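These are my notes on the model, set out as numbered points. They deal with charged pairs, strand pairing and the nonpolar interior.

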Amino acid sequence: MSAAPATGRAPLWVIVPAYQEEARIGDTLTALARQHDHDFTLLVVDNGSTDRTAELARAFAASAPFPVQVLVEPEKGVGCAVDTGFRHAVARGARLLARTDADCVPQPTWTAAARIALTEAPGLVCGRILARRDEHGPLGRAGFRLLVATAAGFGRIRPAHQRRHGFLAPYRMHAGNNMAVTAELYLAVGGMPRRPSPTDRAFLNRVRRHTTAISRCRAMVVHNSTRRLKAYGVLTTARWYLDRGSGRHSTDPR
């Protein structure tokens with residue numbers, strides 16, 4: 001593993017939680033290798049997979065254009081994997097943190113956009129998610145966009161998310177697979193909740209109670225897996241996304 005380049009910029013780490021992603025993590029790693037900005041350290045947090053997820057990440061490290069670390073978090077749950085990964089990165093000097101998931105494909109400008117967004121507006125940055133083009137055709141991708149938009153709209157009007165409940169910033173759909181945050185803010189709000197699910201919404205609400213420094217960056221684009229549509233159908237997938245947007249507890253149908 002090569003050393004991170006000494007550029008004088010704030011150290012950026014990319015955290016990728018992964019569980020049983022042998023079939024998809026290769027696409028994620030390839031997409032990260034194609035980033036225009038390679039000035040970051042990649043940390044893959046394997047959440048106790050029994051397949052070759054961690055093995056593939058370690059093999060990638062040998063030829064990656066940036067430093068790669070692989071960490072195993074045996075406590076199950078994406079919140080556990082993310083929190084362990086973020087705290088590991090901060091303890092090793094990370095000041096900027098970005099996250100995507102091991103079934104996602106970030107656009108080549110993703111890390112550059114995350115760095116710019118956090119530099120111009122330090123705090124929490126929410127990116128834009130689109131459907132992966134290799135998993136569904138136009139109708140599937142349109143359905144995914146509709147699900148995300150519906151969940152976002154429902155979340156904004158839900159009474160429990162209004163400012164009178166102690167929130168300093170308005171609600172916005174927060175996709176954990178496309179986010180960036182300063183290390184300072186991450187620690188100040190107590191980090192990613194390790195329980196319950198959905199932890200992404202719970203983390204957003206922690207930030208909303210602490211600061212108004214929440215922005216949206218349309219240039220931060222990640223292509224999200226739409227496998228839930230195929231595996232569970234439109235109705236079950238819609239309920240899952242609505243739970244993420246509405247604030248009710250849910251379990252990822254994986």
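1. The model is predicted. A network of salt bridges links Glu73, Glu75, Asp83, Arg87 and Arg194. In total, 14 salt bridges are counted.

2. Within that network, the pair of arginine 194 and glutamate 73 has its closest N and O atoms 3.5 Å apart. Arginine 194 lies in the loop between α6 (183-188) and α7 (199-210), and glutamate 73 in the loop between β3 (68-72) and α3 (78-91), so this salt bridge ties together parts that are 121 residues apart in sequence. The two partners are assigned to separate burial classes: arginine 194 counts as partly exposed because its relative accessibility, 26%, falls between the limits of 20% and 50%. Glutamate 73, at 9%, counts as buried because that value is under 20%.

3. Arginine 194 also forms a salt bridge with glutamate 75, at 3.1 Å from N to O. Here too distant parts of the chain are linked: glutamate 75 is in the loop between β3 and α3, arginine 194 is in the loop between α6 and α7, and the separation is 119 residues. Glutamate 75 has a relative accessible area of 38% and is therefore partly exposed.

4. A further salt bridge joins the side chains of aspartate 37 and arginine 115, with an N to O distance of 3.1 Å. Since aspartate 37 sits in the loop between α1 (25-33) and β2 (41-46) and arginine 115 in helix α4 (residues 110-120), the pair ties together parts 78 residues apart in sequence, so it is a link between a loop and a helix. Both aspartate 37 and arginine 115 are buried. For aspartate 37 the relative accessibility is 8%, so the residue falls under the 20% limit.

5. The surroundings of aspartate 37 can be listed briefly. Leaving out residues up to four places away in sequence, aspartate 37 touches Arg9, Thr111, Ala112 and Arg115. The contact between the side chains of aspartate 37 and arginine 115 also counts as a polar contact, at 3.1 Å.

6. Which residues cover the two faces of strand β7 (residues 179-182)? Met179 and Val181 lie on one side, Ala180 and Thr182 on the other, and all of them are buried. In a regular strand, side chains alternate between the two faces of the sheet.

7. Strand β7 has antiparallel partners. Strand β4 (residues 96-99) pairs with β7 over four bridges in the antiparallel sense, and arginine 99 stands opposite methionine 179. Strand β6 (residues 124-131) also runs antiparallel to β7, joined by three bridges, with cysteine 126 opposite methionine 179.

8. The largest nonpolar core has 30 residues, of which Val14, Leu42, Val44, Phe66 and Met220 touch the most other members. Two or more residues of this core come from each of β1 (12-18), α1, β2, α2 (53-61), β4, α4 and β8 (214-224). Helix α4 gives the largest share, five residues.

9. Valine 44 has contacts with Val16, Ala18, Ile25, Leu29, Ala57, Gln69, Val70 and Leu71, not counting residues up to four places away in sequence. Apart from the largest core there is another one, of 26 residues, whose members include Phe86, Ala89, Ala169 and Met179.

Key. Residues numbered from 1 in each chain as written. Predicted model: local features only at pLDDT ≥ 70, side-chain atom pairs only at ≥ 80, totals over all residues. Heavy atoms only, no water. Salt bridge = Lys/Arg side-chain N within 4 Å of Asp/Glu carboxyl O. Buried < 20%, exposed > 50% of the residue type's maximum accessible area, 1.4 Å probe, protein only. Pairing = 2+ DSSP bridges. Core = buried A, V, L, I, M, F, W, Y, C linked by side-chain atoms within 4.5 Å. Contact = heavy atoms within 4.5 Å. Polar contact = N/O pair within 3.5 Å; in protein donor to acceptor, adjacent residues only side chain to side chain.
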